[in-house]
Amino acid sequence: MVLTSEQVPQTDAQTLKSKHKKQRQRNRPRNKRNRQEDSQPTTQETSVNVAASAMPGNAVDAVATEKTRDQIMAEREAKKLAKQAKKHKTAPTPTAATPAVLTTPAAPATKIITEVEQTTITTKLTTTTTTKVQDAVASKTTQPAAVNGKDVEAGEKTREQIKAEREAKKAAKKAGKGGGAKVEGITQQLADLKVAEKAPVAASAAPSTTEADQEKKKPALSKAERRAIQEAQRAAKAQVQTKKAQPAAKTPPSAAPKEPKLRSVSPTKAATSSSPGKCPANTPNVDCRVKLFNHLVCAKEDSQFINDPLVHPSIARLGVQYAKRTVVGSNARCIAFLHALRQVVHDFETPAKKEFGRSLDAAVKHHVDHLHKCRPLAVSVSNAYKQFKNQLTQLPADVPETELKELLVHFIDTYMENQIGKAAQAISGFLQEKITDGDVLLTFACSSLIQFICEEAKRRQVAFRVIVVDSRPGCEGQELLRRLHATGIPCTYVLINAVGYVMAEATKVLLGAHALLANGYVMARTGTAQVALVANAHNVPVLVCCETHKFSERFQTDAIVYNELSDPNQLVRGDKCQLSNWAAKGKLLPLNLSYDITPPELVSAVVTEVAILPCTSVPVILRIKPDIGY
């Protein structure tokens, strides 16, 4: 049987001594060190309690007289646990293994606990107290350590940490106002502010905790600093993109003397390595290109895509002619395209288990893409291709393939006859009434329709003469001059810089057109707008001759939105020209535009096969004949 210290009878002297001891404990200053000493029972004291509980008789009385504060605290905790167990009705029931507990009449109100329960409660109290102390110490930046036999108080460390954090915040605010240059200095200052310097033992015992605290002490970047970092990153990305945009073939440092030789490469050869729709860089320096003209289409090499096995030989031959500019003029290009298309239809064979119309449409589309890569399609060619596609969708399904080919060939012949041949005759008929004896007709560049009109007037034996205005670099007016002179028409040939001197002699200005836009603007050879402007200044009527198959649904008010760039080498006149070595000069790219835009205010009327109309009537014609618009 085990008796607790409360059940052992005590003398008056012992009772008085214990009362004095309790009074001294109450009056003891409750500082942090005393609380830790009181709340942390040592292992030796715990073993003494267990041994005391196991001592019988008088030995128990001897130990009870030396009862420590830990035993008192253990007894109080046992009472609290007993009360809680009674409340929740979870009090343990006595078993055979539990020894009987006896009470003495001297202390009927005291609580008697067994040896096992007392040991368990003491262990729990020791573990709980130790865990609380360790958590409190770990929550601080530095652990309490003994310096010269004395403990470093936790309150002083907390104050130093607070001061360090305040200094860090102030430094971060100053760095945000002054820029991001002081961030590294602030970080260094925070690293120097270590409380562990006062306790080197604790710092060496917990290096990971000190590093984690330093990570937390780093101030957050301000908005200005983050913005500066983002700008630096964007600048770095821009530099990388600029380096990637430069030509892949760069001269190595060892081959510096050969650099002029690499720059003298023909721009047409450089065009083969680039995409068909974008202008290639003629020099290793890409900065020579003006961004305003980056979207314009450049000239292609003569032999580009000539070995494509899926391209019909007639289309391949036509593509080379387009690239070499041996076939020029809207009508000439359209007629050549229709002839090549007729040959493609004649030689086409429908694949197995395929429909004739759909398979032919796919094949023709591939051929048209090939022509567009060689040179951008004219508006007349685009409209002809559109009409051909509409005809393919209307082919009957229960007709043999040979008959379908005959229908398509007949459509192509009819289109050329009506839209080009008869349209030219109708336009010439309208203008023959306007041409009289003594007229001086002024025209620009070369137009097959203007040539037909002049030859028809010559057959009518009208006495007139023609002034041919020409411009470099194409000098197409020389071809028109040769043809008119062959028919016996008196002609005068001048360059465009002299148009102001000869305009006073002209009675009418006849101009051809590459296309007529939906907003009334005329797209024609470069220089047409200048001739129309001079004619308007001299009050000379300007008549634009244009068939309806050249009408376009596109709106355009300047020559920059859509245009075609010719070969810049055409502007070089010879070895003595200042542009002879333009490819070797940095940041220089000659601009050779193929077409310009003439506003409707400078055009008196547009002569079509329908009638003589103002430029603003183009939308009406497109609505009447919706199948001709592109």
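Which residue stands opposite V544 in β11? Keep that in mind as you read these notes on the structure, which is a predicted model.

1. **The main sheet.** A good place to start is the open sheet, whose seven strands come in the order β5-β4-β3-β6-β9-β11-β12, with mixed pairing. At its edges are β5 (491–495) and β12 (612–613), each of which pairs on one side only.

2. **The opening question.** Now look at strand β9 (residues 542–545) and strand β11 (residues 605–607), which run parallel and are joined by three bridges. The residue opposite V544 is V606 in β11. In general, the strands of a sheet pair through backbone hydrogen bonds, either parallel or antiparallel.

3. **Helices on the sheet.** Helix α19 (residues 448–459) packs on this sheet and touches β3 (439–444), β4 (464–470), β6 (508–511) and β9; the direction of α19 makes about 165° with that of β4. Helix α22 (residues 528–537) lies across β3, β6 and β9, and runs at about 165° to β6.

4. **Another pair of strands.** Strand β8 (residues 522–525) runs antiparallel to β10, and four bridges join the two. Here V522 is the residue that stands opposite T598 in β10. Strand β10 (residues 595–598) is covered on both faces: Y595 and I597 are buried on one side, D596 and T598 on the other. This fits a general pattern, in which the side chains of a regular strand alternate between the two faces of the sheet.

5. **Two packed helices.** Next, find helix α14 (residues 313–324) and helix α15 (residues 330–347), whose axes are 9 Å apart and make an angle of about 165°. Angles over 145 degrees count as roughly antiparallel, and α14 and α15 are therefore roughly antiparallel to each other. Their crossing is left-handed. On the α14 side, the contact is made by S314, I315, L318 and Y322, which meet R333, A336, F337, A340, Q343 and V344 in α15. These contact residues divide into seven nonpolar, two polar and one charged.

6. **Backbone details in the loops.** The loop between α14 and α15 holds R325, a residue other than glycine with a positive phi, near 65°. R325 counts as partly exposed, at 23% relative accessibility. In the loop between α22 and β9 you will find N539, which also is not a glycine and has a positive phi of about 60°. N539 is exposed, because its relative accessible area is 70%. Finally, P473 lies in the loop between β4 and α20 (477–486), and the peptide bond from R472 to P473 is cis, with omega near 5°.

How values were computed. Residues numbered from 1 in each chain as written. Predicted model: local features only at pLDDT ≥ 70, side-chain atom pairs only at ≥ 80, totals over all residues. Heavy atoms only, no water. Buried < 20%, exposed > 50% of the residue type's maximum accessible area, 1.4 Å probe, protein only. Pairing = 2+ DSSP bridges. Axes fitted to C-alpha atoms, helices over the stretch in contact; angles between N-to-C directions. Parallel < 35°, antiparallel > 145°, perpendicular 65-115°, else oblique. Left-handed = near helix turned anticlockwise from the far one by under 90°. Contact = heavy atoms within 4.5 Å. Nonpolar A, V, L, I, M, F, W, Y, C, P; charged D, E, K, R; others polar.
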